[in-house]
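Hi,

Here is the structure I promised to pass on. Have a look at it first, and then read my notes underneath.

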Amino acid sequence: MTTLHLHAEDPGDISRAADLLRSGGTVAFATETVYGLGANALSEAAVARIFEAKQRPSWDPLIVHLSSVADISSITNVEGELQRRVDLLAEAFWPGPLTLLLPRKAVVPDSVTAGRPLVGVRVPSHPAALALLRATGLPIAAPSANTFGHTSPTTAAHVLADLEGRIDAVLDAGPTSVGLESTVIDPAQTPMVLYRPGAVTAEQIAAATDVPVEIFRAAGTLPTQPKESLPSPGVGIRHYAPRARLILVEGSEEALRQALREVLAQGGERVGVLLPDGWRLDASALIEPWAAWEDQAALAAALFAGLRALDDRGATIILCPLPLSGGLNDAIRDRLEKAARQA
């Protein structure tokens, strides 16, 4: 299969991508978070192609992307207090990087939800994603457009590095802006349960709804091959991982220097470092500039691209400092901790 490289600024290419999706094909496209691998969410056969291309296990559910808030009713059953919460969250954060887990209608195939009764839905804010969704007129299932478990893609080149020849097309809209996958929350529970942190924080969600939010914690460490489907994408398993072994360093420039000296003393490795702006090292390593340590949004946007760049440069070990907890840093820490987990 030849993967078409289409361009989002070309209306003709938007139409070609929409035609591919309507005919059961797979198209990777930019959202504000990361590039997603899209297929018709209402077609079992089309959804199966996502799992095949990504080598994604069936126990990991997908997120469905919609072109507008009004489209929620086409695939979910929402009423009463849940409707009130959904309305408040949609008003505050949609279009944007927030996914809601909602009771699904029978029209949604089991494969989309890994057999569970809730389907993840969101309305992305990226203009290319919205243009594509409107052109297809369909709900589009779209997990990240990468090989399962690998570092998520924030450019079309990242998509092609993983999925060239395995998908029908990639719709190139340049680098994504947020750089981390959407926040995922179940708004039906009280407290509401946040399964995956992202650019929309627990504090923001609680403030918008006046309902408390609880962070999901797996009971122990979930196995790499769970016995039942997961409650949400991206929870509790090794995810987002570069090819190189990732070592995390808590806290400071000096701690990073010390960690680098220790790894280099062991020998036999090509060591890469994701280095915040202004930090200096006193030993030789493959350096990939990150962003200003105090700029959470910039750190998030550049994280996955930096890890992929060090992989491409041949690093066998990557050292990365862990930002302090709070705000968007919680999502950065979540991705890094999962990426560093050993299989």
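Asp60 is buried, with a relative accessible area of 0%. Keep in mind that this is a predicted model. The side chain of Asp60 meets that of Arg56 in a salt bridge, 3.3 Å from N to O. Arg56 is buried as well, at 9% relative accessible area.

Asp60 also turns up in the story of Lys54, a residue of helix α2. Lys54 is buried but has no salt bridge, and the nearest side chain of opposite charge is that of Asp60, 7.3 Å away. Since a salt bridge here needs the nitrogen within 4 Å of a carboxyl oxygen, that pair does not count. So what does the side chain of Lys54 reach? It goes to the backbone oxygen of Ser144, at 2.7 Å. Neighbours within four places in sequence aside, Lys54 is in contact with Leu37, Pro143, Ser144, Asn146, Thr147, Phe148 and Leu163.

Now the sheet. It is open and mixed, with 11 strands in the order β1-β8-β2-β3-β7-β4-β6-β5-β9-β10-β11. The edges are β1 (4–7) and β11 (213–215), each of which pairs on one side only. Helix α2 (residues 44–54) packs on this sheet, where it touches β3 (35–40) and β7 (140–141), and its direction makes about 145° with that of β3. Over at β11, three bridges join it to β10 (residues 192–196), and the two run parallel. If you want a spot to zoom in on, Leu194 stands opposite Ile215 in β11.

Back to salt bridges: a search of the whole structure finds 20 of them. One joins the side chains of Arg49 and Asp168, at 3.1 Å from N to O. This pair links distant parts of the chain, with Arg49 in helix α2 and Asp168 in the loop between α6 (156–163) and β8 (169–172), 119 residues apart. Arg49 is partly exposed, with a relative accessible area of 27%, while Asp168 counts as buried at 15%.

Another one is Asp312 with Arg243, at 3.7 Å from N to O. Asp312 sits in helix α9 (residues 296–312) and Arg243 in the loop between β11 and β12 (245–250), so this pair ties together parts that are 69 residues apart in sequence. Asp312 and Arg243 are both exposed. There is also a network, in which salt bridges with shared partners join Glu253, Glu254, Arg257, Arg261 and Asp282.

A few backbone points to check by eye:

- The peptide bond from Trp94 to Pro95 is cis, with omega near -5°; Pro95 is in the loop between α3 (80–93) and β5 (98–103).
- The bond from Thr190 to Pro191 is cis too, with omega near -5°, and Pro191 lies in the loop between β9 (183–186) and β10.
- Gln55 is not a glycine, yet has a positive phi of about 60°. You will find Gln55 in the loop between α2 and β4 (63–65), and at 52% relative accessibility this residue counts as exposed.
- Ala114 has a positive phi near 55°, again in a residue other than glycine. Ala114 is in the loop between α4 (110–113) and β6 (118–122), and counts as buried at 14% relative accessibility.

Over to you!

Key: Residues are numbered from 1 along each chain as its sequence is written. This is a predicted model: local features need pLDDT of at least 70, side-chain atom pairs count only at pLDDT 80 or more; totals for chains, interfaces and linings use all residues. Side-chain values use heavy atoms; hydrogens and water are left out. Two strands pair if DSSP finds at least two bridges between them. Helices (H or I, at least four residues) and strands (E, at least two) are DSSP runs, numbered from the N terminus. Contact means heavy atoms within 4.5 Å. Axes are lines fitted to C-alpha atoms, for helices over the stretch in contact, and angles run from 0 to 180 degrees between N-to-C directions. Buried means under 20% relative accessible area, exposed over 50%, partly exposed in between (1.4 Å probe, protein chains only). Lys and Arg count as positive and Asp and Glu as negative; His and the chain ends are not counted. A polar contact is a pair of N or O atoms within 3.5 Å; within protein, one must be able to donate a hydrogen and the other to accept it, and residues adjacent in sequence count only if both atoms are side-chain atoms.
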